[in-house]
Amino acid sequence: MFPAGRYSCRAHRCIRAWKSVQTEHFAPQVYTALHRRTCSSASVPRITTHYTVHPRDKDQRWEGIEMERFADEADVVIVGGGPAGLSAAIRLKQLAKEQNKDLRVCLVEKASQIGAHTLSGACLEPSALFELFPDWKERGAPLNTPVTEDVFSILTKSHRIPVPMLPGLPMRNHGNYIVRLGNFVRWLGEQAEELGVELYPGYAAAEVLFHEDGSVKGIATNDVGIAKDGSPKDVFERGMELHAKVTLFGEGCHGHLAKQLYKQFNLRESCEPQTYAIGLKELWMIDEKKWRPGRVEHSVGWPLNRNTYGGSFLYHLNEGEPLVALGFVVGLDYSNPYLSPFREFQRWKHHPFVARTLEGGNRIAYGARALNEGGLQSIPKLTFPGGLLIGCSPGFMNVPKIKGTHTAMKSGMLAAEAIFPKVTAESTDSQTAGLHVPEYSEVLKGSWVWKELHSVRNIRPSFHNYFGLYGGMIYTGVFYWMLRGKEPWTLKHCGRDADQLKPAKDCSPIEYPKPDNKISFDLLSSVALSGTNHEGDQPPHLTLKDDSIPVSQNLALYDGPEQRFCPAGVYEYVPLETGDGMRLQINAQNCVHCKTCDIKDPSQNINWVVPEGGGGPAYNGM
């Protein structure tokens, strides 16, 4: 896996075992309750078998198993092959080339290919790209669709109220490009490889490693060859360690390693809790007569009520065939446990203003991903001994613009410029074994990223008022459009999204129409279009801290909201085989890695950890 001829035969056997496990089961599988029923004689059926919950040193089945890990050294290790991580890697190599320095940069990505887990709308603001590659057009960057038309609407159940897109409003897209972000990320990966960055797709960073002084030492990739019951298979092999002077964490929204770092270094001590949304997306091939390349449509309102934050997008791509990208975003601070973001999305497509575009078309892809919405107030401390946070992991998304790629890229570039002098210095005055680079926070706060986020800091929390959506729109029109965010106050969010659900007894169930299989569809057929696949015989990576809580709390108090907020059918409540109650069933193979369950679970009992590397969705240019 890792180049250099430094490894013993045992290390090479480790690599071969990785590959054999990754290819053992390759057919996409979507399981229903019938396929996944299990029995248990215990009073609480055992659900979680993952070693992060059940330590192997207390399990007799692991006695005598070789647990040594092989290690490699780099100057910089980057976790995550998204816009931030790749931009950081590229910028580091650009600086090394300019200054004739020898610099080893290694990037690990849990997806089987660079860009395979990337999902976004996406309307790209090219400011950071111009800085990274002024000649991006000559390099063939896949930005094929400049925005030619902006449409914004407030929807009622059967009508549309047009809203003019005045210059200066955050959602005005003049100068931007409609892109398939997975294709753009794959292109960034090609540029990184040309510069000498070592890319390792298919290897999930599972653990943060620490020096004795507490500073970050690097990461370890996940172990492979573990059976579903938590026992070692014959092909079991430990992951490998990557050590570095500095490790950059660019995992994307709600990164599982970032969660550990928040606790380890108390990084969220002086910021508000992050707040999130879930974004669902489909790609359609439509009737060419309805195709308007460069047209950008956004809407708010129906089918959501005024107190549920969210909206939609519909983008007409210009890639040689009549493609449109459409999606629906729901803020995860909603209160009704009966709400299903997926079914709200399917219902929205039947609005007359939307359905006219889709009628006669063909849906070809589906996916979902959580996104940060906390803005400036929710950004944690970004640096700590041995590492720093970049991109959507700490949360640099500009929510009213519905854009975060340009800010993520810029954060990665600034991180590279801040750490480069220290990682290339012949001697260092660092007080920790892992280099601490607080200069990154300083340069970020002096950049256009911070200025941009500061100007829109009050727009998202302004929706928390009696009038909800409409009060927020009035605030945006008065204070942002007129003052550009210069008001001398900063509004607060309402706390963690997980704490916002009301008990089911205090809410009304939502009746959703059945899908017609022409414009709207069921959940499992949608997941099948995501290309999602995981090795079937591995412990579920949706782990529970306590297996009894789903039934005793989530089902009892909230009527099992995880079976509705999950956009992939991972969670189901099914009858016990004894017929005297219910149990939670986790269909982990369906998981599209959106992280919504980890965020919205009202008991905060779900902990998302990485599955075996290479598993998950295959978005192919979403």
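## A walk through the inside of a predicted model

Let's start with an acidic residue: Asp223 is buried, at a relative accessible area of just 4%. One thing to keep in mind as you look around is that this is a predicted model.

What does the side chain of Asp223 meet? It forms a salt bridge with Arg56, at 2.8 Å from N to O. Asp223 sits in the loop between strand 10 (216-221) and strand 11 (224-226), while Arg56 sits in the loop between helix 2 (33-36) and strand 1 (71-79), so this pair ties together parts that are 167 residues apart in sequence. Arg56 is buried too, with a relative accessible area of 13%.

**Salt bridges**

How many salt bridges does a search of the whole structure find? The count is 32. Besides the one we began with, here are two others to look up.

Arg104 pairs with Glu198. This bridge links distant parts of the chain: Arg104 is in the loop between helix 3 (83-98) and strand 2, and Glu198 is in strand 8 (residues 198-201), 94 residues apart. Arg104 is buried, with 14% relative accessible area, and Glu198 is buried as well, with 18%. Buried here means under 20%, so Glu198 at 18% still counts as buried.

Then there is Glu282, which forms a salt bridge with Arg363. Here, too, distant parts of the chain are linked: Glu282 belongs to strand 14 (residues 276-285) and Arg363 to strand 18 (residues 362-372), 81 residues apart. Glu282 is buried, its relative accessible area being 0%, and Arg363 at 9% is buried as well. Salt bridges can also share partners: Glu149, Arg292, Arg295 and Glu297 are joined that way into one network.

The three pairs, side by side:

| Salt bridge | Closest N to O | Apart in sequence |
|---|---|---|
| Asp223 and Arg56 | 2.8 Å | 167 residues |
| Arg104 and Glu198 | 2.8 Å | 94 residues |
| Glu282 and Arg363 | 3.0 Å | 81 residues |

**Nonpolar cores**

Now for the greasy parts. The largest nonpolar core has 79 residues, and those with the most contacts inside it include Leu143, Phe184, Ile219 and Tyr440. Which helix gives this core its largest share? That would be helix 9 (residues 405-423), with 10 residues. Zoom in on Leu143 and you'll find that it touches Leu124, Leu129, Trp136, Tyr177, Val179 and Phe184, leaving out residues up to four places away in sequence. Apart from this core lies another one, of 70 residues; Val354, Leu358, Val570 and Ala588 are among them.

**Aromatic rings**

The count of aromatic pairs comes to 15. In one of them, Phe265 and Phe384 are stacked, with 5.0 Å from centre to centre and 20° between the planes. Phe265 is in helix 6 (residues 256-265) and Phe384 in strand 19 (residues 383-384), so to speak two distant parts of the chain, 119 residues apart. Phe384 is buried, with a relative accessible area of 1%.

How are the rings of Phe328 and Trp348 arranged? Their centres are 5.9 Å apart and their planes lie at 40°, so the pair is tilted. Phe328 comes from strand 17 (residues 323-331) and Trp348 from helix 7 (residues 341-348), 20 residues apart. Both of these residues are buried. Phe265 and Phe384 turn up again in one aromatic cluster, together with Phe210 and Phe249.

**A nonpolar patch on the surface**

Not every nonpolar side chain is tucked away. Leu166, Ile474, Val478, Trp481, Met482 and Leu483 make a nonpolar surface patch of about 570 Å². Val478 is in helix 12 and counts as partly exposed, at 38% relative accessibility.

**Backbone oddities**

Most residues other than glycine have a negative phi, and most peptide bonds are trans. Here are some places to look for exceptions.

A cis peptide bond joins Gly121 and Ala122, with omega about -5°; Ala122 is in the loop between strand 2 (105-109) and strand 3 (123-124). Trp302 and Pro303 are also joined by a cis peptide bond, with omega about 10°. Pro303 is in the loop between strand 15 (295-301) and strand 16 (310-316).

Asn517 is not a glycine, yet its phi is positive, about 60°. You'll find Asn517 in the loop between helix 12 (469-483) and helix 13 (523-528). Asp559 also has a positive phi, near 55°. Asp559 sits in the loop between helix 14 (549-558) and helix 15 (562-565) and is partly exposed, with a relative accessible area of 29%.

Definitions and conventions: Residues are numbered from 1 along each chain as its sequence is written. This is a predicted model: local features need pLDDT of at least 70, side-chain atom pairs count only at pLDDT 80 or more; totals for chains, interfaces and linings use all residues. Side-chain values use heavy atoms; hydrogens and water are left out. A nonpolar core is a set of buried Ala, Val, Leu, Ile, Met, Phe, Trp, Tyr and Cys residues joined through side-chain atoms within 4.5 Å. Buried means under 20% relative accessible area, exposed over 50%, partly exposed in between (1.4 Å probe, protein chains only). Helices (H or I, at least four residues) and strands (E, at least two) are DSSP runs, numbered from the N terminus. Contact means heavy atoms within 4.5 Å. Patches are made of residues with over 30% relative accessible area and no salt bridge: like charges are joined within 9 Å, nonpolar side chains (Val, Leu, Ile, Met, Phe, Trp, Tyr) within 5 Å. Accessible areas come from the Shrake-Rupley method with a 1.4 Å probe; for residues, only the protein chains shown count as cover. A salt bridge is a side-chain nitrogen of Lys or Arg within 4 Å of a carboxyl oxygen of Asp or Glu. Rings of Phe, Tyr and Trp (its six-membered ring) pair if their centres lie within 6.5 Å; planes under 30 degrees apart count as stacked, over 60 as edge-to-face and the rest as tilted.
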